[in-house]
Amino acid sequence: MATGRSVHKISEELKSLSLRGPVGGSGRDGGILLDEEDEAVRFSNVRKKDFKRWERVRGRLINILDGLELHTGVFSAAEQRRIVDCVYDFQEKGRKGRLRERTYSEPRKWMRGKGRVTIQFGCCYNYAVDSNGNPPGIIRDEEVDPIPPLLKQMIKRMVAWHVLPPSCIPNSCIVNIYDKDDCIPPHIDHHDFVRPFCTVSFLSECNIVFGTQLKIIGPGDFSGSAAIPLPLGSVLVLNGNGADVAKHCVPVVPSRRISITFRKMDDSKIPYNFIHDPDLQNLRPLSLLGQQHPNILPLRQDQQDQPPKNAQPSQKVEQAQKAQQAQKVLQSPALQRPVRLTEDDFPPLSSSTRVQTRRK
């Protein structure tokens, strides 16, 4: 639990910020209505989990998972149901042709691991060279539907509660609907999208596998040096080595699953007719009023992120510099700025989780 402030004081601040969202009559686009005390309790229990997996890359021993953060329990069971209902509504509209052509895709399932449904908002991303000769990446002259209201609420929550930085507010997202045995093959996300980005998990838990060398065992079956379980309602943030050095994949899922990946487009890759959403401009994290960020637990000296004993001296210097920089960030005036949120925002809950890793 966060220290230094009582639940009552947090509740009073939340009340002044009007974070309670409207209740939608159909449950499709409305927010989640919580009283301030409940929100305060949830905020006071925010936690995150970092990861370590050491591998040699070009002769250097590095933590290939540096930059990964898992925020668990970010969305409650009730909120998850509302988001899932909204996703199924998107799918129904897509099947009926009520979304723009490249927004919705439901390929034929021609082999195990192939055929997951994708719904893209904000930009059209090309996974491979298409029939028009467009290379992988954002297609700038193609239009898709804008980010829907409930998904914008998710973005506002993640920025407000320090899951995503205000310097990297997502302006695109892709919804993946997996049936049993669907997967995502090994890849590194395209650099048409800046870092960090994040993915939110719904319906069923699965592992996401990381490694500099991911082995393909069979259709949809992959192995790597680290497997991270993704709990329901959790947010996995990818940055640093975890986004750009290690590849990642999702092996075939045992049951239906939904994920929503939020990303910010590189300014030079934004579609020509893209209109910036005023609802997603100038978002700021919740002011902590001098409180230690509950999402960053103070570390004892014996808990510092240390490389193995055989690491190079330069790496130990880098670790010390990172620790000093982290303290500067926590004391930055940016964390003291007043929050700029609208009434359709709602706060998350995160808690630490045990993560099992699988060795080769």
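Let's start with helix 4 and its length. Helix 4 has 12 residues, and at 1.5 Å a residue these should span 16 Å. The end C-alpha atoms are 16 Å apart, so the two values agree. Keep in mind that this is a predicted model.

Where does helix 4 lie? Helix 4 covers residues 149-160 and lies across five strands that I'll name one by one. They are strand 6 (117-121), strand 9 (172-178), strand 11 (197-202), strand 16 (235-238) and strand 18 (257-263). Against strand 18, the helix runs at about 65 degrees.

Is helix 4 mostly covered or mostly open? Mostly covered: 11 of its 12 residues are buried. The buried set includes Leu 150, Leu 151, Met 154, Ile 155, Met 158, Val 159 and Ala 160. Charged side chains are on that list too, namely Lys 152, Lys 156 and Arg 157. Gln 153 completes it. Just past the helix, His 162 takes a positive phi of about 65 degrees.

Now helix 3. This one has 19 residues, from 77 to 95. From first C-alpha to last it reaches 27 Å, close to the 27 Å expected at 1.5 Å a residue. Its buried residues include Ile 83, Val 84, Val 87 and Phe 90, along with Glu 79, Arg 82 and Asp 89. Just after helix 3 comes Gly 97, with a positive phi of about 75 degrees.

Next, the sheet. It is open, with 8 strands in the order 1-4-16-11-18-9-6-5. The pairing is antiparallel. Which strands sit at the edges? Strand 1 (49-50) and strand 5 (104-105), and each pairs on one side only. Take the strand 1 end. Strand 1 is joined by 2 bridges to strand 4, residues 69-71. Within that pairing, Lys 49 has Leu 70 as its bridge partner.

On to the empty space. How many cavities of 30 Å³ or more are there? The count comes to 1. The volume of the largest cavity is about 40 Å³. Its lining is Gln 120, Phe 121, Cys 123, Tyr 125, Ser 172, Cys 173, Ile 174, Phe 193, Thr 261 and Arg 263. Strand 6, strand 9 and strand 18 each supply at least two of the lining residues. Which strand gives the most? Strand 9, with 3 residues.

Let's zoom in on one lining residue, Ser 172. Ser 172 is found in strand 9. Why does Ser 172 count as buried? Because its relative accessibility is 2%, and the cut-off for buried is under 20%. Ser 172 touches Phe 121, Cys 123, Phe 193, Thr 261 and Arg 263, among others. Those five also appear in the cavity lining. Other contacts of Ser 172 include Gly 122, Ile 147, Phe 262 and Met 265. Look at Phe 193 in particular. Ser 172 and Phe 193 are 21 residues apart in sequence, and 9.3 Å apart C-alpha to C-alpha.

Last, a pocket. The second largest pocket has a volume of about 1000 Å³. It is lined by 48 residues. Which of them lie nearest its centre? Arg 116, Thr 118, Tyr 127, Ile 184 and Pro 185. Strands that each supply at least two lining residues include strand 7 (125-126), strand 10 (184-187) and strand 17 (247-250). Strand 6, strand 9 and strand 18 do so here as well, and these three also contribute to the cavity lining.

Methods. Residues are numbered from 1 along each chain as its sequence is written. This is a predicted model: local features need pLDDT of at least 70, side-chain atom pairs count only at pLDDT 80 or more; totals for chains, interfaces and linings use all residues. Side-chain values use heavy atoms; hydrogens and water are left out. Two strands pair if DSSP finds at least two bridges between them. Helices (H or I, at least four residues) and strands (E, at least two) are DSSP runs, numbered from the N terminus. Contact means heavy atoms within 4.5 Å. Axes are lines fitted to C-alpha atoms, for helices over the stretch in contact, and angles run from 0 to 180 degrees between N-to-C directions. The expected span of a helix is 1.5 Å times one less than its number of residues. Buried means under 20% relative accessible area, exposed over 50%, partly exposed in between (1.4 Å probe, protein chains only). On a 1 Å grid over the protein atoms alone, a cavity is a set of points where a 1.4 Å probe fits but cannot get out, and a pocket is an open set with protein on both sides within 12 Å along at least five of seven lines; lining residues have an atom within 4 Å of a point. Grid points are joined across faces, edges and corners, and a volume is the space filled by probe spheres set on the points. Lists of a residue's contacts leave out its neighbours within four places in sequence.
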